[in-house]
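Please open the model in a viewer and keep the selection tool at hand. The tour below proceeds by selection, from sheets to cores to individual residues.

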Amino acid sequence: MRVLLIGANGYIGRFVADRLLADPAVQLTALGRGDDADVRFDLATGSPGALTRFLDAVHPGVVVNCAGTTRGGARELTRHNTVAVATVCEALRRSGCGARLVQIGCGSEYGPSQPGSSTAEDAVPRPGGPYGVSKLAATELVLGSGLDAVVLRVFSPVGPGTPAGSPLGRLAEAMRRAMQSGDSELKLGGLGAQRDFIDVRDVARAVHAASLSAAQGVINIGSGRAVRLRDAAGILARVAGYGGALNELDTPPGPHPPHVPHPAHTSHSTTPVRTTIGHPRPDPDHHHITTPVAFPYPDGCGSWQQADVRTARDRLGWRPRINLEESLADIWMEAACRI
């Protein structure tokens, strides 16, 4: 089976590439913007016709699209997350290769959900920010394309390679700095959010399974369990061997936000390290987001998100294997090695 992987250098794409390369039945070709791609092509600016000619030449049986961006204003998000997918769909429609499309979506397409609930694939998407909107538009393009296609809605990927700008990436970096400087206290904001974390290697396994399956439509990929960032911070501190206090700043950003001490710690430092995990400085392009339940969570998903993953189990034969502690240990290993 020849697989064309788009976005092989991205956070998820790197692990998908590793997983596919480990399958001796797969012949992998990587397409992307980087110099190390087998074929250089920019989906955001390239024409569907040029991509069609490449598809006809390579004749893949499966196209996996991991390309996209999580950062930037609405225009950039639309260009890389929506227009790029429109190019892929149009090229596949024009091509004679008949390839199956596996598109990487995200849990942000759903937007905020009711605390305590599990979000299934039939939930009405109400994204709370430009990123979720751009990804939902891409999903709708795929579903309406008439192609043999499946969209994997990945919730909150974690593990090795976690971007430093993500909530857990920021947490690991703040803890590294605190340990390096001998600080006995970390003041952390945004720890009240609860998210469904899924290891990126489990995501790669799901992509591999979807490539081999006949499943179509939308399939959630998550752990099926929401975890409070506060609890993830505690696990990371234990993994890292950080014995200082974790004090919370869990109110919306302001000039002098109060903090609530972590119940397990009472010590204080005169020079604490303060970092914001779930409430980074607002992006000027996001000022128009007014949904109260989503604010101030930058992913637009409010205080709670948990995936219903029964469809992945039933249609892909997939279940998550890697627990959050292992994922956090790998995040810490990378953070600790930074100079």
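Begin by selecting V102 in the seven-stranded sheet; its bridge partner in β6 is V150. Before going further, note that this is a predicted model, in which local features need pLDDT of at least 70 and side-chain atom pairs count only at pLDDT 80 or more, while totals for chains, interfaces and linings use all residues. Residues are numbered from 1 along each chain as its sequence is written, and side-chain values use heavy atoms, with hydrogens and water left out.

**The seven-stranded sheet**

Extend the selection to the strands on either side of this bridge. Strand β5 (residues 100-106) and strand β6 (residues 149-154) run parallel and are joined by six bridges. Strands are DSSP runs of E of at least two residues, helices are runs of H or I of at least four, and both are numbered from the N terminus. Two strands pair if DSSP finds at least two bridges between them.

Now show the whole sheet. It is open, has seven strands in the order β3-β2-β1-β4-β5-β6-β10, and its pairing is parallel. The edges are formed by β3 (39-40) and β10 (217-221), each of which pairs on one side only.

Next, select residues 74-94. This is helix α3, which packs on the sheet and touches β1 (2-6), β4 (62-65) and β5; contact means heavy atoms within 4.5 Å. The direction of α3 makes about 165 degrees with that of β5. Such angles run from 0 to 180 degrees between N-to-C directions, with axes fitted as lines to C-alpha atoms, for helices over the stretch in contact.

Then select residues 200-212, helix α6. It lies across β4, β5, β6 and β10, and runs at about 150 degrees to β5.

**A residue of α6**

Stay on this helix and pick A210, which is placed in α6. Is A210 buried or exposed? It is buried, because its relative accessible area is 0%; buried means under 20% relative accessible area, exposed over 50%, and partly exposed in between (1.4 Å probe, protein chains only). Leaving aside neighbours within four places in sequence, A210 is in contact with R100, V102, V150, L152 and L316. Adding A149 to the selection gives a C-alpha to C-alpha distance of 9.5 Å from A210, across a sequence separation of 61 residues.

**The nonpolar cores**

Colour the nonpolar cores next: each is a set of buried Ala, Val, Leu, Ile, Met, Phe, Trp, Tyr and Cys residues joined through side-chain atoms within 4.5 Å. The largest has 33 residues, and I12, V16, V64, L152, I221 and L316 have the most contacts inside it. Two or more residues come from each of β1, α1 (11-21), β4, β5, β6, α6, β10 and α8 (310-316). Which element gives the most to this core? Helix α6 does, with seven residues.

Centre the view on V16. Residues up to four places away in sequence not being counted, V16 touches L5, V64, C66, A204 and V207. A second, separate core of 29 residues includes I6, V63, C97 and V309.

**The three-stranded sheet**

Move to the other sheet, which is open, with strand order β7-β9-β11 and mixed pairing. Its edge strands are β7 (156-158) and β11 (226-228), each pairing on one side only. On average, neighbouring strands here are turned by 55 degrees against each other, direction ignored.

Select strand β9 (residues 194-199). It pairs with β7 in the parallel sense over three bridges, and with β11 in the antiparallel sense, also over three bridges. On the β7 side, P157 has I198 as its bridge partner and V158 stands opposite D199; towards β11, Q194 is partnered by R228. Six of the six residues of β9 are buried, so this strand is largely enclosed by the rest of the structure. Q194, D196 and I198 point one way from β9, whereas R195, F197 and D199 point the other way.

**Final selections**

Select E248, located in strand β12 (residues 245-249). E248 counts as buried because its relative accessibility is 7%. Its side chain makes a polar contact with the side chain of R230 (2.3 Å); a polar contact is a pair of N or O atoms within 3.5 Å, where within protein one must be able to donate a hydrogen and the other to accept it, and residues adjacent in sequence count only if both atoms are side-chain atoms.
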